Amino acid sequence: MQDNTEETFYPNGKIRSRIYFNATGEYHRNPDEGPAIEGWFENGQRHYQYYYVDGELHRDSVEGPALEAWDSNGQKIYKHYLVHGQSHRDPSKGPSFEYWGSDGKKYFEEYYVDGKEVPKPEVDREIKNDNKTNRRVLFKWKYKVSKLFKRCREFAQRFKPRAGL
């Protein structure tokens, strides 16, 4: 299958995004060659990268996350491991989803196997306090992360491939 590529640029000529499609117009790129969707800030710093295979978010979790994003200073914001469109990573290797603040501190993580949430392994447990403050902070970050995923889905819909490229 031959891949098609679409690129967008900032007014200053620097690349803004690069998207790869397969012959049927789905997001697609062999994960060994790199992500199917890539984006950069105007300063040239990588903004995001998404791995798709035949229109489905996918990357072998041993190879790395299927979704990653950074802020304009290069600080990682999130990474998400997906296999065939489902959150998945061996919990002993780490969380399936992680979210960091601009201060570099990890604020949120979740563990999934085959799309189903599983408990965090007891080893190196970070949050043991079960007071109201910790629950409020966790709820706040879960809400922010759900908004982030909604924005990612909206972005993907905006750049829906055109058939027949």
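Glu-7, Arg-18, Arg-29, Glu-38 and Arg-46 are linked in a network of salt bridges. A salt bridge here is a side-chain nitrogen of Lys or Arg within 4 Å of a carboxyl oxygen of Asp or Glu. Before we follow that network, a word on the model. It is a predicted one, in which local features need pLDDT of at least 70 and side-chain atom pairs count only at pLDDT 80 or more, while totals for chains, interfaces and linings use all residues. Residues are numbered from 1 along each chain as its sequence is written, and side-chain values use heavy atoms, with hydrogens and water left out.

## Charged pairs

Side chains of opposite charge can pair when their charged atoms come close. Searching the whole structure turns up nine salt bridges, and three of them are set out here.

| Salt bridge | Closest N to O |
|---|---|
| Glu-38 and Arg-29 | 3.7 Å |
| Glu-38 and Arg-46 | 3.3 Å |
| Glu-68 and Lys-76 | 2.6 Å |

How exposed are these partners? Buried means under 20% relative accessible area, exposed means over 50%, and partly exposed lies in between (1.4 Å probe, protein chains only). Glu-38 counts as buried because its relative accessibility is 6%, and Arg-29 is buried too. Arg-46 has 23% relative accessibility, so it counts as partly exposed. The other pair in the table also joins a buried residue to a partly exposed one: Glu-68 has a relative accessible area of 8%, and Lys-76 has 22%.

## The sheet around Glu-38

Now let us see where Glu-38 sits. Strands (E, at least two residues) are DSSP runs, numbered from the N terminus. Two strands pair if DSSP finds at least two bridges between them, and strands of a sheet pair through backbone hydrogen bonds, either parallel or antiparallel. In this model, nine strands form an open sheet in the order E1-E2-E3-E4-E7-E8-E11-E12-E13, with antiparallel pairing. Strand E1 (4–9) and strand E13 (116–118) stand at the edges; each has a single partner strand, so one side of each is left without a neighbour in the sheet. From one strand to the next, the twist averages 15 degrees; such angles run from 0 to 180 degrees between N-to-C directions, with axes fitted to C-alpha atoms.

Let us walk across part of this sheet. Strand E2 (residues 15–21) is joined to strand E3 (residues 37–40) by three bridges, and the two run antiparallel. Here Arg-18 stands opposite Glu-38 in E3, and both residues belong to the salt-bridge network. Next, four bridges join E3 to strand E4 (residues 46–50), again antiparallel, and Gly-39 stands opposite Tyr-48 in E4. The hairpin of E3 and E4 has five residues between the strands, and in it Gly-44 takes a positive phi near 95 degrees. Three bridges then connect E4 with strand E7 (residues 67–70), also antiparallel; there, Tyr-50 stands opposite Leu-67 in E7.

## Two loop residues with positive phi

Most residues other than glycine have a negative phi, and most peptide bonds are trans. Which residues other than glycine have a positive phi near 50 degrees here? One of them is Asp-54, with phi near 50 degrees. Asp-54 lies in the loop between strand E5 (52–53) and strand E6 (56–57), and its relative accessibility of 38% makes it partly exposed. His-84 is not a glycine either, yet it has a positive phi of about 50 degrees. His-84 lies in the loop between strand E9 (82–83) and E10.

## A buried arginine without a salt bridge

Where is Arg-89 found? It is in the loop between strand E10 (86–87) and strand E11 (97–100). Arg-89 is buried yet has no salt bridge, and the nearest side chain of opposite charge, Glu-98, is 4.2 Å away. In that count, Lys and Arg are positive and Asp and Glu negative, while His and the chain ends are not counted.

What does Arg-89 meet instead? Its side chain and that of Tyr-81 are joined by a polar contact of 3.4 Å. A polar contact is a pair of N or O atoms within 3.5 Å; within protein, one must be able to donate a hydrogen and the other to accept it, and residues adjacent in sequence count only if both atoms are side-chain atoms. Contact in general means heavy atoms within 4.5 Å. Leaving aside neighbours within four places in sequence, Arg-89 is in contact with residues including Ser-61, Tyr-81, Glu-98 and Tyr-112.

Ser-61 lies in the loop between E6 and E7 and is buried, with a relative accessible area of 17%. With neighbours within four places again left aside, Ser-61 is in contact with Tyr-81, Val-83, His-88 and Arg-89.
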